[in-house]
Amino acid sequence: NRMVGRNAIGYDFEDYGRDLGIMAFGDFLPSRDGCFNYMSYYLSVTNGHLPNLNDNNKSKDLIGSLVVRPFKNLSVMASYNWGKYDGSVGGKPVTAQVMNRMIAGIWYHDSQGLNFRTEYGYITSGYHGKLVREKSLYSLVGWHVGKFLPLVRYDFYRDEVNRGTLNNYDRFLVGVSYKPFQRVRLQANYAYSLYTPEAR
């Protein structure tokens with residue numbers, strides 16, 4: 001949620017991706033056995049604002065993503081989001097601030113073995129990132145053992161504009177899930193969080 005949930009600056013609400021607009025997506029370069037495609041793309045033009053509130057500017061968000069699969073279980077992804085927002089810096093209103101969001105990730109999934117994911121995100125807005133400057137990363141490794149999936153995860157988030165908030169953390173997680181039936185899953189995990197000195 002911290003990586004893709006970008007609240008529209010003009011309103012004090014969080015939005016996790018729902019927006020009014022249009023998207024085109026597709027797959028190409030199918031593998032010889034037809035089990036997967038080597039590439040997928042996603043292109044969208046949206047309001048760049050909350051779906052249940054009026055947009056407060058005429059700018060649209062442009063988002064493009066490309067997924068490359070060198071072989072069946074491995075995916076490499078890159079995504080870029082460009083938009084303009086209205087908001088404030090230091091209590092003063094600002095308009096037409098450009099926001100850039102870049103995310104890159106690698107996923108490896110074997111339903112009978114290794115499950116690995118890592119993604120890194122970087123978001124900026126305003127002149128030299130004065131309005132928003134955030135970065136985040138998570139890495140997860142698990143291994144399927146019959147109906148069990150033990151895993152470990154590390155993630156961090158840095159809000160370099162608001163360094164004193166509890167959004168500035170490092171978190172470690174260990175857990176396991178058990179799937180006794182097709183539509184039933186039981187999960188247990190333990191997380192340990194550390195905060196940066198400014199956020200304590």
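Author: Strands are DSSP runs of E with at least two residues, numbered from the N terminus. Keep in mind as we talk that this is a predicted model.

Reader: Thanks! Which strand does the segment with Thr-196 come after?

Author: Look along the chain to residues 184-195, which form a strand. Thr-196 lies in the segment after that strand, and the strand is E10.

Reader: Is Thr-196 buried or exposed?

Author: The cut-off to remember is that buried means under 20% relative accessible area. Thr-196 has a relative accessible area of 12%. Leaving aside neighbours within four places in sequence, Thr-196 is in contact with Arg-158, Arg-163 and Asn-168. By the cut-off, then, Thr-196 is buried.

Reader: Let's go to the start of the chain. How many bridges join E1 to E2?

Author: E1 covers residues 21-30 and E2 covers residues 37-46, and the two run antiparallel. In this pair, Ala-24 stands opposite Leu-43 of E2. The number of bridges joining E1 to E2 is 9.

Reader: Which residue takes a positive phi in the hairpin of E1 and E2?

Author: This hairpin has 6 residues between the strands. One residue there has a phi near 75°, and that residue is Gly-34.

Reader: Which residue in E3 does Tyr-41 stand opposite?

Author: Strand E3 spans residues 61-68 and runs antiparallel to E2, with 8 bridges joining the two. Opposite Tyr-41, in E3, stands Leu-66.

Reader: Which strand gives the largest share of the nonpolar patch?

Author: The patch covers about 640 Å², and its residues include Phe-172, Tyr-190 and Leu-194. E9 and E10 each supply at least two of its residues. Phe-172 is found in E9 and counts as partly exposed at 40% relative accessibility. Still, the largest share, 3 residues, comes from E10.

Reader: How far apart are the closest N and O atoms of Glu-160 and Lys-135?

Author: Glu-160 and Lys-135 form a salt bridge. Glu-160 lies in the loop between E8 and E9 and Lys-135 in E7, so the pair ties together parts 25 residues apart in sequence. Glu-160 is buried at 18%, while Lys-135 is partly exposed at 26% relative accessibility. Their closest N and O atoms are apart by 3.1 Å.

Reader: What is the distance in the salt bridge of Arg-171 with Asp-155?

Author: Asp-155 also meets Arg-153 in a salt bridge, at 3.6 Å from N to O. Asp-155 is buried, with a relative accessible area of 6%. Arg-171 lies in E9 and Asp-155 in E8, so their pair ties together parts 16 residues apart in sequence. Between Arg-171 and Asp-155, the closest N and O atoms are apart by 3.0 Å.

Definitions and conventions: Residues are numbered from 1 along each chain as its sequence is written. This is a predicted model: local features need pLDDT of at least 70, side-chain atom pairs count only at pLDDT 80 or more; totals for chains, interfaces and linings use all residues. Side-chain values use heavy atoms; hydrogens and water are left out. Two strands pair if DSSP finds at least two bridges between them. Helices (H or I, at least four residues) and strands (E, at least two) are DSSP runs, numbered from the N terminus. Buried means under 20% relative accessible area, exposed over 50%, partly exposed in between (1.4 Å probe, protein chains only). Contact means heavy atoms within 4.5 Å. Patches are made of residues with over 30% relative accessible area and no salt bridge: like charges are joined within 9 Å, nonpolar side chains (Val, Leu, Ile, Met, Phe, Trp, Tyr) within 5 Å. Accessible areas come from the Shrake-Rupley method with a 1.4 Å probe; for residues, only the protein chains shown count as cover. A salt bridge is a side-chain nitrogen of Lys or Arg within 4 Å of a carboxyl oxygen of Asp or Glu.
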